[in-house]
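Q: Please take me through one part of this model up close, and then work outwards from there. I'd like to see how the pieces sit relative to each other, in plain bench language.

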Amino acid sequence: MTTQRHITRRVRGMDTSDGAGVKLKRVIGQPALDMLDPFLLLDEFRSDQAGDYIEGFPEHPHRGFETVTYMLAGRMQHGDNHGNRGDLGPGSVQWMTAGRGILHSEMPQQEEGLMWGFQLWVNLPAADKMVEPRYQDIPPASIPVVHPAEGVTVRVVAGELAGAKGPVSGISTEPVYLDIALDAGAHFDLALPEGHSAFAYVFDGESATVAGESLARSELAVLSKGDSVSFAATQPARVLLVAGRPLAEPVARYGPFVMNTPAQIHEAIADFRAGKF
Ligand code: MN
């Protein structure tokens, strides 16, 4: 028997800024939704005004979780203190497991035009918080595109759909990360691991129907547990669907450090100040 997921909560992105003044919409990690285990933060950045993004995200640390950047438009250059460099262009994904710690920067490589994408923070289980940092830099051509139903086009970044497997591998929370494009009149049911936390976020078009309810652009739906969720659209729309295994562990969070206890946060700050990242 299948159990359809339904919407348990709706959240609108909150306008804020981060880094050196990059304007963005914070959808997860704000008062209306502080986290959705294992997801700690979801930002959408979208602007064609250079002043909203040009200063970027100069060098900053991370420890204890993963950052996932999905570029829809524009170009960012990533660099860290271990010598890793990467160019993130339209349609590319970077899944960074910060683990025990890195210092990195994420800087726009354009002085005009549209910059659009997402950053998601995914928590690591206690056992993996201090692993060596790892990068999965995924160019657009490595992301399978499938058509699970008429008028439905899905880029499979992580997880499996219609015989395609997303390129992201070896992640503790067994994530599903899909960019779902719906043509007018399209509909389909998506199977999901029953116990995974999941959300849907409409990021293009006026609205989409998720789990039988209309969801406006820039609105996120938290989904109940269950093994499938329905999507439909009367006009073209795009929806980000993300799911992951909840960790159900204590969360101690201070800016770019996400650990299990306050003592581990103090240790992270001390290690950062001592140059141990
Ligand atoms: Mn960062």
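A: Let's start with the one cut-off we'll lean on: a residue counts as buried under 20% relative accessible area, as exposed over 50%, and as partly exposed in between. Keep in mind that this is a predicted model.

Put that cut-off to work on alanine 162, which has a relative accessibility of 52% and therefore counts as exposed. Alanine 162 sits in the loop between strand 15 (160-161) and strand 16 (164-165). Its phi is near 50°, a positive value in a residue other than glycine. Most residues other than glycine have a negative phi, and most peptide bonds are trans.

Serine 218 has a positive phi too, about 70°, although it is not a glycine. You'll find serine 218 in the loop between strand 21 (213-216) and strand 22 (219-223). This serine is buried, with a relative accessible area of 14%, whereas alanine 162 is exposed. The peptide bond from aspartate 37 to proline 38 is worth a glance as well: it is cis, with omega near 10°. Proline 38 belongs to the loop between strand 3 and strand 4.

Now for the metal. The manganese ion is held by His60, His62 and His104, each through NE2, and by Glu106 through OE, at 2.1 to 2.5 Å. Along the sequence, those donors follow the spacing H-x1-H-x41-H-x1-E. Histidine 62 lies in strand 5 (residues 57-62) and glutamate 106 in strand 10 (residues 102-108), so this pair ties together parts that are 44 residues apart in sequence. How buried is each of these two? Histidine 62 is at 2% relative accessible area, which puts it in the buried class, and glutamate 106 counts as buried at 9%.

His60 takes us straight to the pockets. Rolling a probe the size of a water molecule over the atoms shows where empty space is left. The largest pocket holds about 370 Å³ of space. It is lined by 20 residues, and the closest to its centre are Asp18, Gly19, Phe57, His60 and Trp121. So His60 is a manganese donor and also one of the residues closest to the centre of this pocket. Strand 5 gives the most to this lining, with four residues. At least two residues each come from strand 3 (22-28), strand 4 (39-47), strand 5 and strand 11 (115-123). Sorted by class, the lining has nine nonpolar, six polar and five charged residues.

The second largest pocket holds about 160 Å³. Among its lining residues are Asp15, Lys23, Lys25, Glu44, Arg46 and Arg217, along with Ser218. That last one is the serine with the positive phi. Strand 2 (14-18), strand 3 and strand 4 each give two or more residues to this lining. Here the count by class is three nonpolar, two polar and six charged residues.

Strand 3 feeds both linings, and valine 27 lies in that strand. Valine 27 is buried, with a relative accessible area of 0%. Its C-alpha is 7.3 Å from that of leucine 220, even though the two are 193 residues apart in sequence. Isoleucine 54 and asparagine 81 make a handy contrast: they are 27 residues apart along the chain, and their C-alpha atoms are separated by 22 Å. Isoleucine 54 is in the loop between strand 4 and strand 5. At 30% relative accessible area, it counts as partly exposed.

Last stop, helix 1 (residues 262-273). At 1.5 Å a residue, its twelve residues should span 16 Å, and its end C-alpha atoms are 17 Å apart, which agrees. Which residues of helix 1 are buried? They are Ile265, Ala268, Ile269 and Asp271. Looking down the axis of helix 1, you'd see these buried residues fall within an arc of 165°, so they line one face of the helix. An α-helix has 3.6 residues a turn, so residues three or four places apart point the same way. On the other side of helix 1, Ala263, His266 and Arg273 are exposed.

Terms used:
Residues numbered from 1 in each chain as written. Predicted model: local features only at pLDDT ≥ 70, side-chain atom pairs only at ≥ 80, totals over all residues. Heavy atoms only, no water. Donors = N, O, S within 2.8 Å, 3.2 Å for Na, K, Ca; no water. Buried < 20%, exposed > 50% of the residue type's maximum accessible area, 1.4 Å probe, protein only. 1 Å grid on protein atoms, 1.4 Å probe; cavity = no way out; pocket = protein on both sides within 12 Å on 5 of 7 lines; lining within 4 Å. Points joined across faces, edges and corners; volume = space filled by probe spheres on them. Nonpolar A, V, L, I, M, F, W, Y, C, P; charged D, E, K, R; others polar. Expected span 1.5 Å × (residues − 1). Arc of directions from axis to C-beta.
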